[in-house]
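Grab a pencil and take your time with this one. Try each exercise yourself before you read its solution.

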Amino acid sequence: MTKKEWFADWFNTPYYHTLYKHRDDQEAELFIKRLLDYLKLKSGTEVLDLACGKGRHSRMLHALGMRVTGLDLSEASIREAAEFTSEGLNFAVHDMRYPFEKQQFDVVFNLFTSFGYFDELDANEAVLKSVHQMLTVDGQLIIDFMNAKKVISQLVKQEEKTIDGITFQLERAFDGQHIHKQIRFKDNGRDFHFSERVQALTITEFTQLLNATGFELIRTFGDFSLQPFNENESDRLIIHARRI
Ligand SMILES: C[S@@+](CC[C@H](N)C(=O)[O-])C[C@H]1O[C@@H](n2cnc3c(N)ncnc32)[C@H](O)[C@@H]1O
């Protein structure tokens with residue numbers, strides 16, 4: 001039997017949503033409003049929220065007039081997101097390494113570090129090539145990633161967080177290519193252990209990847225209020241690119 005990939009496992013558990021519960025609708029609202037002000041999208045624009053989780057950004061995009069498709073690998077998350085399905089707001093289980101054949105989009109959003117999960121670096125190209133295929137000519141791409149340089153320089157190696165009665169023991173490490181997070185906790189007398197492993201992609205690597213897959217980098221931002229990106233100081237690396 002092949003081992004399930006870490007992201008298929010961890011993101012499909014309710015515990016992921018407990019640990020990251022501060023990444024909520026309010027944060028999504030602020031960020032999406034800023035992005036739509038910046039992108040100046042017309043009402044009725046077809047957008048894709050790629051790796052949408054439970055759909056917090058999808059719902060906000062729809063509330064602001066976009067026609068939205070949210071895709072995610074996690075069946076549990078899509079089940080919850082789909083409760084909000086309505087005219088112009090749809091969700092489906094889908095792996096972002098492959099194009100979603102049903103439709104083309106004007107804008108693709110990939111938000112909150114939903115990139116760089118794979119063992120092989122080539123898989124990043126596969127994701128961008130499939131995004132390229134799903135976008136209309138001149139279509140736009142927004143990727144919201146961590147600022148890997150800052151995360152590595154300020155790596156908190158061990159941390160304990162208690163949320164909703166569960167105490168999570170977190171251990172972080174950088175192996176030269178990936179940032180690893182070990183997540184251990186007990187619930188109802190049972191011990192759990194999950195991992196996260198995200199490639200520490202820099203702006204230089206993103207630019208190379210975008211150029212190799214038919215995109216042009218337009219602009220970068222460093223936080224959810226769209227301040228300029230500074231590799232030493234910014235918390236986020238937010239990329240705006242255009243399909244060429
Ligand atoms: C950090 S979460 C972000 C979720 C959402 N964008 C948000 O901000 O709430 C990453 C998401 O990527 C999804 N994911 C991981 N690998 C995927 C893949 N190969 N295809 C599609 N989604 C994937 C996970 O299921 C998870 O929902």
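Here are some exercises on this predicted model, each with a worked solution.

**Exercise 1.** Find out which residues are closest to the ligand, and how the surrounding shell splits by class.

*Solution.*
- Step 1: Start with the count. The ligand is surrounded by 19 residues, and the closest are Ala51, Arg56, Asp72, Asp95 and Met96.
- Step 2: Now sort that shell by class. You get 11 nonpolar, 5 polar and 3 charged residues.

**Exercise 2.** Look for polar atoms of the protein that lie within 3.5 Å of a nitrogen or oxygen atom of the ligand, then work out how much of the ligand's area the protein covers.

*Solution.*
- Step 1: Check the backbone of alanine 51. One of its polar atoms is 2.7 Å from a nitrogen atom of the ligand.
- Step 2: Go on to leucine 73, where a backbone N or O atom is 3.2 Å from a nitrogen atom of the ligand.
- Step 3: Turn to a side chain. In arginine 56, an N or O atom of the side chain is 2.8 Å from an oxygen atom of the ligand.
- Step 4: Finish with the cover. On its own the ligand has 590 Å² of accessible area, and the protein covers 96% of that.

**Exercise 3.** Describe the ring pair of tryptophan 10 and phenylalanine 194, and explain why it ties together parts that are far apart in sequence.

*Solution.*
- Step 1: Know what to look for. You describe two aromatic rings by the distance between their centres and the angle between their planes.
- Step 2: Count first. The model has 21 aromatic pairs.
- Step 3: Read off the values for tryptophan 10 and phenylalanine 194: 5.1 Å centre to centre and 35° between the planes, a tilted pair.
- Step 4: Place the partners. Tryptophan 10 belongs to helix H1 (residues 6–10) and phenylalanine 194 to strand S9 (residues 190–199), so their pair ties together parts 184 residues apart in sequence.
- Step 5: Check the burial, using the cut-off of under 20%. Tryptophan 10 is at 0% and phenylalanine 194 at 13%, so tryptophan 10 is buried and phenylalanine 194 is buried too.

**Exercise 4.** Do the same for tyrosine 15 and phenylalanine 185.

*Solution.*
- Step 1: This aromatic pair is tilted, with 4.6 Å between the centres and 50° between the planes.
- Step 2: Tyrosine 15 is in helix H2 (residues 14–19) and phenylalanine 185 in strand S8 (residues 178–187), so the pair links parts of the chain 170 residues apart.
- Step 3: Tyrosine 15 has a relative accessible area of 14% and is buried, and phenylalanine 185, at 4%, is buried as well.

**Exercise 5.** Lysine 40 and phenylalanine 112 each have a positive phi. Where do they lie, and are they buried or exposed?

*Solution.*
- Step 1: Recall the background. Most residues other than glycine have a negative phi.
- Step 2: Take lysine 40, with phi near 50°. You'll find lysine 40 in the loop between H3 and strand S1 (46–50), and its relative accessibility of 66% makes it exposed.
- Step 3: Take phenylalanine 112, with phi near 60°. Phenylalanine 112 is in the loop between strand S4 (105–110) and helix H6 (122–134), and at 14% relative accessible area it is buried.

**Exercise 6.** Which side chain makes a polar contact with that of glutamine 140?

*Solution.*
- Step 1: Locate glutamine 140 in strand S5 (residues 135–146).
- Step 2: With 18% relative accessibility, glutamine 140 counts as buried.
- Step 3: The partner is histidine 240, and the polar contact between the two side chains is 2.6 Å.

How values were computed:
Residues numbered from 1 in each chain as written. Predicted model: local features only at pLDDT ≥ 70, side-chain atom pairs only at ≥ 80, totals over all residues. Heavy atoms only, no water. Near = heavy atom within 4 Å. Polar contact = N/O pair within 3.5 Å; in protein donor to acceptor, adjacent residues only side chain to side chain. Areas by Shrake-Rupley, 256 points an atom, 1.4 Å probe, with all protein chains shown as cover. Nonpolar A, V, L, I, M, F, W, Y, C, P; charged D, E, K, R; others polar. Phe/Tyr/Trp six-rings, centres within 6.5 Å; stacked < 30°, edge-to-face > 60°. Helix = DSSP H or I, 4+ residues; strand = E, 2+ residues; numbered from the N terminus. Buried < 20%, exposed > 50% of the residue type's maximum accessible area, 1.4 Å probe, protein only.
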